[in-house]
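Student: I have a new structure open and don't know where to begin. Can you walk me through it?

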Amino acid sequence: MNKVGVLPSWLVLDPLLHGWLLEDIGRGDRTTESLLSQNATPGQAQWIAKAPGIIAGLPIAARVFELLNNQVSFLGLIPEGAKCEPGQMIAQINGSLDALLMGERVALNLAMRLSGIATLTNIYVEKIADLPVQLVDTRKTTPGLRILEKYATTVGGGINHRMGLDDAVMIKDNHIAVAGGIGEAITQIRSRIPYPLTVEVETESLEQVQEALKHKADIIMLDNMALDMMFEAVQLIRQQDKRVKIEASGNVTLETIRAVAETGIDYISSSAPITQSKWLDLSMRIK
């Protein structure tokens with residue numbers, strides 16, 4: 001079953017796409033404008049996959065061409081989130097050749113980046129697909145691309161952690177150091193945040209887990225814990241407060257993710273699907 005993330009509104013995305021097009025086109029596409037007359041010359045292009053993977057970003061690519069010329073028709077030939085094979089045609093584009101040529105690089109770059117993230121995310125997700133645990137992403141994203149990179153993780157089968165600092169409270173080691181302890185941090189923060197926000201606390205020891213439980217954290221993150229300690233922490237949390245969600249994070253790899261999931265946690269957060277993914281190789285051919 002294909003995973004399809006929910007794209008943000010074009011009201012949010014269009015200014016980003018405009019900026020990226022402006023960065024590439026600048027004062028004009030010297031090559032295309034010198035080859036083609038001002039009258040729109042119709043043409044057709046195909047997108048071809050050059051490597052196997054999960055496709056993500058076709059609606060965004062379509063929007064890139066539409067912003068250049070609203071008469072361009074972009075037809076995705078496989079669903080968003082589907083697997084592609086080398087040599088497979090994944091999209092066909094019809095419209096003005098100048099729009100096709102000027103939009104090619106920005107559209108391809110975005111689709112290749114997002115497809116690479118979706119592909120690696122899917123590999124991680126498949127490792128734990130039969131277990132009651134979910135893979136979540138992190139805020140380790142490319143500045144300016146977060147909203148799309150996190151979209152790509154959902155296409156690959158993951159779920160989004162907080163999009164930004166305003167989404168939820170996460171009390172990390174440096175916050176604990178500033179406050180003077182977990183209890184002090186939770187108490188002070190709870191007195192100041194809006195009611196719906198959840199409070200998550202990063203813990204590195206069983207003592208910190210106990211303190212987070214004592215002060216009613218909503219989510220407890222087990223950060224960089226050895227598997228035996230993680231298992232013990234899960235048992236401790238389940239026995240004392242079943243409502244608390246448990247997240248594991250730190251040094252999660254394809255080799256370790258299943259063992260981490262088997263400790264009984266609810267979520268595994270990892271930056272790897274975004275920070276370690278390779279672009280999926282795609283190309284555009286004018287017919």
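Tutor: What follows is a short tour of the sheets, the ring pairs and the cores. Keep in mind that this is a predicted model.

Student: OK, sheets. What is the strand order in the open sheet of four strands?

Tutor: The order is 3-5-1-12, and the pairing is antiparallel. Strand 3 (73–76) and strand 12 (282–286) are the edge strands, each pairing on one side only. On average, neighbouring strands in this sheet are turned by 20 degrees against each other, ignoring direction.

Student: Which helix packs on that sheet and touches strand 3?

Tutor: Helix 3, residues 58–68. Besides strand 3, helix 3 touches strand 1, strand 5 (89–96) and strand 12. The direction of helix 3 makes about 170 degrees with that of strand 3. Helix 4 (residues 97–127) also lies across strand 1, strand 5 and strand 12, and runs at about 170 degrees to strand 12.

Student: How do strands hold on to each other in general?

Tutor: Strands of a sheet pair through backbone hydrogen bonds, in either a parallel or an antiparallel way.

Student: Back to this one. How many bridges join strand 1 and strand 5?

Tutor: Seven, in the antiparallel sense. Gly-43 stands opposite Gly-95 in strand 5. With strand 12, strand 1 (residues 42–49) pairs over five bridges, also antiparallel.

Student: Which residues of strand 12 are the bridge partners of Ala-45 and Ala-49?

Tutor: Ala-45 has Ile-286 as its bridge partner, and Ala-49 has Leu-282.

Student: Is strand 1 mostly covered or mostly open?

Tutor: Mostly covered: seven of the eight residues in strand 1 are buried.

Student: New topic. How many aromatic pairs are there?

Tutor: The structure holds three aromatic pairs. One of them is Trp-47 with Phe-65, an edge-to-face pair with 6.5 Å from centre to centre and 65 degrees between the planes. Trp-47 is in strand 1 and Phe-65 in helix 3, 18 residues apart, and the pair links these distant parts of the chain.

Student: Why does Trp-47 count as buried?

Tutor: Because its relative accessibility is 0%, and buried means under 20%. Phe-65 counts as buried too, because its value is also 0%.

Student: What about the rings of Trp-47 and Phe-74?

Tutor: Their centres are 5.4 Å apart and their planes stand at 90 degrees, so this pair is edge-to-face. Trp-47 lies in strand 1 and Phe-74 in strand 3, so the pair ties together parts that are 27 residues apart in sequence. Phe-74 has 17% relative accessibility and therefore counts as buried. Ring pairs link Trp-47, Phe-65 and Phe-74 into a cluster.

Student: Now the nonpolar side. Which residues touch the most other members of the largest nonpolar core?

Tutor: Trp-47, Ile-90, Ile-93, Leu-110 and Leu-282, out of the 47 residues in that core. Several elements supply at least two residues each, including helix 1 (10–25), strand 1, strand 5 and helix 5 (146–155). Helix 4 gives the most, with 13 residues.

Student: And what does Ile-93 touch?

Tutor: Leaving out residues up to four places away in sequence, its contacts include Gly-43, Ala-45, Trp-47, Phe-65, Phe-74, Leu-100 and Met-284. Apart from the largest core lies another one of 36 residues, among them Val-125, Ile-128, Val-169 and Ile-176.

Student: Thr-32 caught my eye. Buried or exposed?

Tutor: Thr-32 is buried, with a relative accessible area of 5%. Thr-32 lies in helix 2 (residues 30–35). Not counting residues up to four places away in sequence, Thr-32 touches Asp-98 and Leu-101.

Student: Last one. What is the order in the open sheet of six strands?

Tutor: 6-11-10-9-8-7, with parallel pairing. Strand 6 (134–136) and strand 7 (169–171) are at the edges with a single partner strand each, so one side of each has no neighbour in the sheet. The twist from one strand to the next averages 25 degrees.

Student: Anything to look at inside that sheet?

Tutor: Strand 9 (residues 219–223) and strand 10 (residues 245–249) pair in the parallel sense over five bridges. Asp-223 stands opposite Ser-249 in strand 10. Helix 8 (residues 206–214) lies across strand 8 (199–203) and strand 9, and runs at about 165 degrees to strand 8.

Definitions and conventions:
Residues numbered from 1 in each chain as written. Predicted model: local features only at pLDDT ≥ 70, side-chain atom pairs only at ≥ 80, totals over all residues. Heavy atoms only, no water. Pairing = 2+ DSSP bridges. Axes fitted to C-alpha atoms, helices over the stretch in contact; angles between N-to-C directions. Contact = heavy atoms within 4.5 Å. Phe/Tyr/Trp six-rings, centres within 6.5 Å; stacked < 30°, edge-to-face > 60°. Buried < 20%, exposed > 50% of the residue type's maximum accessible area, 1.4 Å probe, protein only. Core = buried A, V, L, I, M, F, W, Y, C linked by side-chain atoms within 4.5 Å.
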